[in-house]
Amino acid sequence: MFGRSRSWVGGGHGKAARSIHSLDHLKYMYHILTKNTTVTDHNRNLLVETIRSITEILIWGDQNDSSVFDFFLEKNMFVFFLNILRQKSGRYVCVQLLQTLNILFENISHETSLYYLLSNNYVNSIIVHKFDFSDEEIMAYYISFLKTLSLKLNNHTVHFFYNEHTNDFALYTEAIKFFNHPESMVRIAVRTITLNVYKVDNQPMLHYIRDKTAVPYFSNLVWFIGSHVIELDNCVQTDEEHRNRGKLSDLVAEHLDHLHYLNDILIINCEFLNDVLTDHLLNRLFLPLYVYSLVNQDKGGERPKISLQVSLYLLSQVFLIIHYAPLVNSLAEVILNGDLSVFSSKVEQDIQKNSAKSSIRCFIKPTETLERSLEINKQKGKKRMQKRPNYKNVGEEDEEERGSEDNQDDLDKSKGTEASSKGIRTSSENEEIEMVIMERCKLSELSISAVTEQNTTDEEKSAAASGSEITNWNRPFLDMVYNALDCPEDDYYALFVLCLLYAMSHNKGLDSVKLERIQLPAQHAEERNSYNHVLAERLIRIMNYAAQPDGKIRLATLELGCLLLKQLVFSKNGRIIKSVHLHCLEGAREESVHLLRRFYKGEEIFLDMFEDEYRSMTMKPMNVEYLMMDASILLPPTGTPLTGIDFVKRLPCGDVERTRRAIRVFFMLRSLSLHLQGEPETQLPLTREGDLIKADDVLDLNNSDLIACTVITKDGGQVQRFLAVDIYQMSLVEPDIARLGWGVVKFAGLLQDMQVTGVEDDSRALNIIIHKPASSPHSKPFPILQATFIFADHIRCIIAKQRLAKGRIQARRTKMQRIAALLDLPVQPSTEVMGFGHSSGAAAQHLPFRFYDQSRRGSSDPTVQRSVFASVDKVPGFAVAQCINQHSASPLSSPSPSSGSGSTGRCDSVTASSTSTPSAAQSPAGLIGIILKRKYF
């Protein structure tokens, strides 16, 4: 819509085309305009190209020749633009004229040139011209033209647009008429224009905006935002099957844009504008629509309402985005300490005044449209000033004479409306005074309650914060918050309540005293000795629900609850949590351990999932701002990944996702428990960066097993290295020239992330790929090493292949043993996983299929079944599972993998023969391994 429809074409005709950037060419263009004052079908294209050429010459003259603007002003060439515009010569000419003017003002850099163009009020005449705004292209270029002009506003140029004598500001008043335009880009442009106007520190202009336009504009803007919110709520109510998420996302994004726009106005810190805006937001939108819907869900009343989840969601966005202290403090006061009397008292006042429309705490439509209100104010100005000298358009005298009688009739008709609006304004001013008095009374009550709280115990403070012992002070909004946190069935509302509490506690403009009244500490709270026991118990109960096998608590809810609990029970002098709450939290952590034991398996995927989830949790902690930008959480929690919702924001689906959830719950509750007890984490992550060998490390390689090889990288590079295998890593080293027996590490990679394959036509070579650990379960593995290793002979190649395979299995088994220790499971004895004494067939059976081709044989292979080493199950965790099944029949024991009849038969054979396992040295393959070890090591 906003793209330029045609390319920029400059130049003239005849001899003048040889030097288009010159004063002479401008004179030639002026001659063309004087000869073509009337637009016809024959000269339309000529006039358009002439206007383009004049604009190009003006831009060039701004940077190179000031005499160009002197001639432009001397001949009053802007009048020709206006005459062409008023002849209604078609959209083609209008579009081209607006386009060229937009380009002209965008590229003018000198203030003097800008003053030349803005003089004589011709620009204001173009602004107030009646264009055909039903044409999208004309609308786009017109609003872009206004936005370009607003970017040029400052304390000097504002006088060209605002007429202090007639109280007229065409640039601003014409722009805000499109605040609710169907096209989003137009609405965004209007917001930009208004912000550019508000930033100009010109008091007469700002007072005009406050007195003449602020109330009608802000009242209509608030009504537009509220109507948009009701549409959003209807979309949520009718889209339980997640079929219309695209529209819902657009509506949420639009509401976020509204809030950011309101916050941008407030942070300009124009006090009297902020007062008007705050009054309308509180009393016409936030309180009567958002807050009132928290406890009144019956749709039969006269007041409009939205659903509870939408109300909590939008209030969280308000506290996350807006930090203007008078607004957020008044809003928080009602939510935390208010009751329904803030609405009923106003209704009674309205009944007494016989003016239901004057209620300031009701979401109602403005009595007049914005355009009508601006027209009334404009007529008032014309009544005071018989003639407007500055904003008179050329040739509009006749139009004024013809319309004088109609205007007089309009004035007579509008007198009654003006009187009613004055009455409304008077009543609203009285109500504002009443609000100030009420706030002062609340402050006095606050000081009295603060003095009273000095002589109360922690238990009494907690009871007071929960509202359980208050009989004369009903707080339904706060009660709703506590009740929503009790979520044994699902966490649909609990997630929004946690987001709201988090947003309020992290709001920089919110007074910490208001939060301390319910013992909810701010982000940087001072030293304290008590906390809200009821809130802490509700949070711990959420954690206990999350640790149950059939828990319906999403990971986002659990993580947000952990954040709030840490903030709740910690102060500057350390933790202040009661021992009973700490024991309850430990019980929830134990439940998470038992839950994870149910999914503990010896499969490779479990270790990868365990490390991936820990990496994801530590690298990408929760961002509540991003969470509250996601429209999908407004819909009922779903358990299918087909919706595209992130895993932490929905319920798990299938065994793999349930395992992932159990792992993440275990991590969160373990971290919280250690943090509250003041203990450091010593067992996670399983692989610590400080314990790993890194490139350029110098190692003592004396008495180490090294295999010389040639490494050919993917890009064709070839280097000589020595291959060394550590507990967790494979390293490529080169000798250190400074010390004999020492080596410098040139590459180090984890064995568990390695793939080894043989080369078909070369028995001395191996293809080795080592992947970088994935940052998330859905990311594609990225290889950090992909090379071919060539050894001296095939014997050394086999040794290297077996050593890498043995190291990989041993590294993974060691980590599985550490996981078993974390889960308080019996640790499997640390025996050699696969030595050189094992037969190749048995070795192949216990390695992943991607390492050896021989391992593709199934358990039905007779050679595998006859092997004495087939009775030793080398899957990490298998012995643990068998031990638990033999000693206890607890439902928390780890079940054996059920992947088919073949695996079941293999487990049975292992159980039957696990008691008589011959040693590796007793077999012929074991003797071969000893001989090879003596020869090559």
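**A walk through the helices, sheet and cavities**

Helix H13 (residues 271-291) and helix H14 (residues 308-321) pack with their axes 10 Å apart and at an angle of about 145°. Before going further, please keep in mind that this is a predicted model. The pair is a good place to start, since two packed helices are described by the angle between their axes and the distance between the axes. On the H13 side, the contact is made by Phe286, Tyr290 and Val291, which meet Ser311, Leu314, Leu315 and Val318 in H14. Sorted by class, the residues of this contact comprise six nonpolar, one polar and no charged.

Now move along the chain to another helix pair. The axes of helix H24 (residues 555-569) and helix H28 (residues 654-677) come within 11 Å and cross at roughly 0°. That crossing angle is why H24 counts as roughly parallel to H28. The contact of H24 with H28 divides into 10 nonpolar, two polar and four charged residues. From H24 come Leu555, Leu558, Glu559, Cys562, Leu565, Lys566 and Val569. Their counterparts in H28 are Arg661, Arg664, Val665, Met668, Leu669, Ser671, Leu672, His675 and Leu676.

If you follow the chain on from H28, you enter the loop between H28 and E5, where Pro685 is found. The peptide bond from Leu684 to Pro685 is cis, with omega near 0°. At the other end of this loop, a sheet comes into view.

The sheet is open and has eight strands, in the order E5-E9-E8-E7-E6-E12-E11-E10, with antiparallel pairing. Its edges are strand E5 (698-700) and strand E10 (754-759), each of which pairs on one side only. From one strand to the next, the twist averages 40°. As a reminder, strands of a sheet pair through backbone hydrogen bonds, either parallel or antiparallel.

Let us look at some of the pairings in turn. E6 and E7 run antiparallel and are joined by six bridges. They form a hairpin with four residues between them, and Gly716 in the turn has a positive phi of about 100°. Across this pairing, Ile712 stands opposite Gln718 in E7. Ile712 also has a bridge partner in E12, namely Thr788. That second partner belongs to the pairing of strand E6 (residues 707-713) with strand E12 (residues 782-790), which is antiparallel over four bridges. Val711 stands opposite Phe789 in E12.

What stands opposite Leu766 in E12? It is Phe789, the residue that Val711 also stands opposite. E11 and E12 pair in the antiparallel sense over eight bridges. E11 pairs with E10 as well, again in the antiparallel sense, over six bridges. Here the bridge partner of Gln755 in E11 is Ile769, and a hairpin joins E10 to E11 through two residues.

A helix accompanies this sheet. Helix H29 (residues 794-822) lies across E6, strand E7 (718-725), strand E8 (729-735), E10 and strand E11 (762-772). Relative to E11, H29 runs at about 25°.

Finally, let us turn to the spaces inside the protein. How many cavities of 30 Å³ or more does the structure hold? There are seven cavities of that kind. The second largest cavity has a volume of about 50 Å³. Its lining is made up of Phe72, Leu73, Asn76, Met77, Phe78, Tyr116, Leu117, Ser119, Asn120 and Tyr122. Helix H3 (67-74) and helix H6 (111-118) each supply at least two residues of this lining. By class, the lining has seven nonpolar, three polar and no charged residues.

One of these lining residues, Asn76, deserves a second look. Asn76 lies in the loop between H3 and helix H4 (78-86). The phi of Asn76 is near 55°, a positive value in a residue other than glycine. With Asn76 in view, you can also find Phe72 and Leu73, which are among the residues lining the second largest cavity.

Conventions. Residues are numbered from 1 along each chain as its sequence is written. This is a predicted model: local features need pLDDT of at least 70, side-chain atom pairs count only at pLDDT 80 or more; totals for chains, interfaces and linings use all residues. Side-chain values use heavy atoms; hydrogens and water are left out. On a 1 Å grid over the protein atoms alone, a cavity is a set of points where a 1.4 Å probe fits but cannot get out, and a pocket is an open set with protein on both sides within 12 Å along at least five of seven lines; lining residues have an atom within 4 Å of a point. Grid points are joined across faces, edges and corners, and a volume is the space filled by probe spheres set on the points. Ala, Val, Leu, Ile, Met, Phe, Trp, Tyr, Cys and Pro count as nonpolar, Asp, Glu, Lys and Arg as charged, and the others, Gly among them, as polar. Axes are lines fitted to C-alpha atoms, for helices over the stretch in contact, and angles run from 0 to 180 degrees between N-to-C directions. Angles under 35 degrees count as roughly parallel, over 145 as roughly antiparallel, 65 to 115 as roughly perpendicular and the rest as oblique. Contact means heavy atoms within 4.5 Å. Two strands pair if DSSP finds at least two bridges between them.
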